[in-house]
Amino acid sequence: MTGHSAQWKLFKFLKVLLFSFIFSITVLFLVATVRTFTFDADAGLQLGKWENTTAISLHLSPQQRKNLLANFKAAIQIPTVSFTETNVSTSALREFDGLLRKVFPKIFSSSLVQHEMVGNYSHLFTVPGSDPDLEPYMLLAHIDVVPADEADGWDAPPFSAQEINGFIYGRGTIDNKQSVMGILQALEYLLERGYTPRRTFYIGLGHDEEVNGLHGAVNIVKLLKSRGVKLQYVLDEGLAVLDGVISGLDGPAALIGISEKGQATVKLSVSTPPGHSSMPPRESGIGILASAVKRLEENPMPRLFGYGPERGTFEHLAHKFGLPLRFIMSNLWLFSPLLSRVLERKPVTNAFVRTTTAVTMFNSGVKINIIPSYAEAFVNFRIHSAQTLQEVLELVESTVSDERVKVELVNGFDPLPISSYDEQAFGFQIIKKTVQGMFPQLTVAPGICVGNTDSRHYKDITQDIYRFAPSWFKPGDPQRFHGVNERISIKNYEEIVLFYFQLIQNNDIRKLPPPHSGQHEL
């Protein structure tokens, strides 16, 4: 009887345990299902009552469209290439300065606009507002471009600005002269129409962003800091409109960068006695170094998806996915580990998951029959928002784990702070309102920039830095950044001009409306 009683108690316990498990799973499923069909993180302030501002509309005549396009083509045709921090195309930068003064006469002759040259080739424009109590904002872009060689397979010479099937081809069309010319063209049109802003704003055009901005952006920031300037927000290049790029998403999405990954360049080196190739040692310096590099590639940095702003990206897009993806994206509190494992399978999405490891240079040897005495490799890390530079260096040391391999930090910096993107975030909501005013079909979401921009130098004078321009990207287009056949459609460039034209005016409100949740009435 005792044994039977014990078995019965065990059976009852297992039955309760099974029931509890099934009940818990059912509750989780119901909660997740309800959340799937009610969750919309992109709702924003659509229902809020926005303050009215004096609206100046932009209607372009055929001749104005022709001139606008000619100005942009002229900008692309000037090869403002930055090769290294000490080697920039100074003659091209001077030529570009002359172009700006020629095609934007209102800006350079206006008594309203103050223009200054900074670091010899960068530009700072100050446009004072009528209400000094409103905190100013700043628009950024950069004039310089990376090198380009027609022999790499361009469909048109990279500095020709040639028109093919409605697209302008050329280095700088999407990185970043479309914003340089778009911002100034918008301001030119506003000044022609007698516009005076309520809120002061600045325009900063760096000349060496592609080589870290140490003479352009850094000096602009120093100048602003010396004047005690504090900014409401900064808008720079970064993310874009993605159309068909995100698998499973219903319709295009505009991603506004709210942070940038950090960066570290690490040098690995091995020194060994030299010798003749006819009597090689069991392990050469090259072999030791190759093994260390292989260990870094085979042991990637830890998965950190969900611990940084990337979770907000997918939550804001969740309602635009079909089932079953919508179920997963709406419930990342439950499915983050699953999504993380899926994303890491492709290089493009793996960058959202972790600090990435890229071996970019490997140098050794002077002659075919000499065992080299020295070998070195350079590894570039793009640091996830949930990690620090120091943590990455410690992981590199432990992964290499070989006293013969010297590990040195060449340069690096921590990930940038995460800018606010809630319903009280002035800059984010103004950018979002402008985007959705032009493109009502777009879903707007915060995003993370895996590359770096000039805006990182501005973190001491503002808490909120956003990285976005409404360049429209379809599948394959993101690879045109720093790649072959960089291009932009004529229609999209006109949209960029209109975006900045509207954005400047939208910034003239004194404050945001109350959160949309406060607008509902039963």
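Of the 95 residues in the largest nonpolar core of this predicted model, Met181, Leu235, Ile431 and Tyr500 touch the most other members. A core here is a set of buried Ala, Val, Leu, Ile, Met, Phe, Trp, Tyr and Cys residues joined through side-chain atoms within 4.5 Å, with buried taken as under 20% relative accessible area (1.4 Å probe, protein chains only). Domain 1 (62-246 + 417-507) and domain 2 (261-413) both feed residues into this core, so it sits between them; the bounds come from an automatic or database domain assignment. Leaving aside residues up to four places away in sequence, Tyr500 touches Leu139, Ser179, Gly182, Ile183, Ala186, Leu235, Phe468 and Ala469. A second, separate core has 22 residues, among them Ala264, Val266, Met301 and Ile383.

As for the two domains, their C-alpha centres are 31 Å apart. Contact (heavy atoms within 4.5 Å) links 15 residues of domain 1 with 16 of domain 2. Together they bury about 1400 Å², 66% of it on carbon and sulfur atoms; this is accessible area (1.4 Å probe) lost on putting the two parts together, summed over both. On the domain 1 side, Thr443, Ile448 and Val450 lose the most area to domain 2, jointly 38% of what that side buries.

Numbering runs from 1 along each chain as its sequence is written. Because the model is predicted, local features need pLDDT of at least 70 and side-chain atom pairs count only at pLDDT 80 or more, while totals for chains, interfaces and linings use all residues, and side-chain values use heavy atoms, without hydrogens and water.

Notes. Buried means under 20% relative accessible area, exposed over 50%, partly exposed in between (1.4 Å probe, protein chains only).
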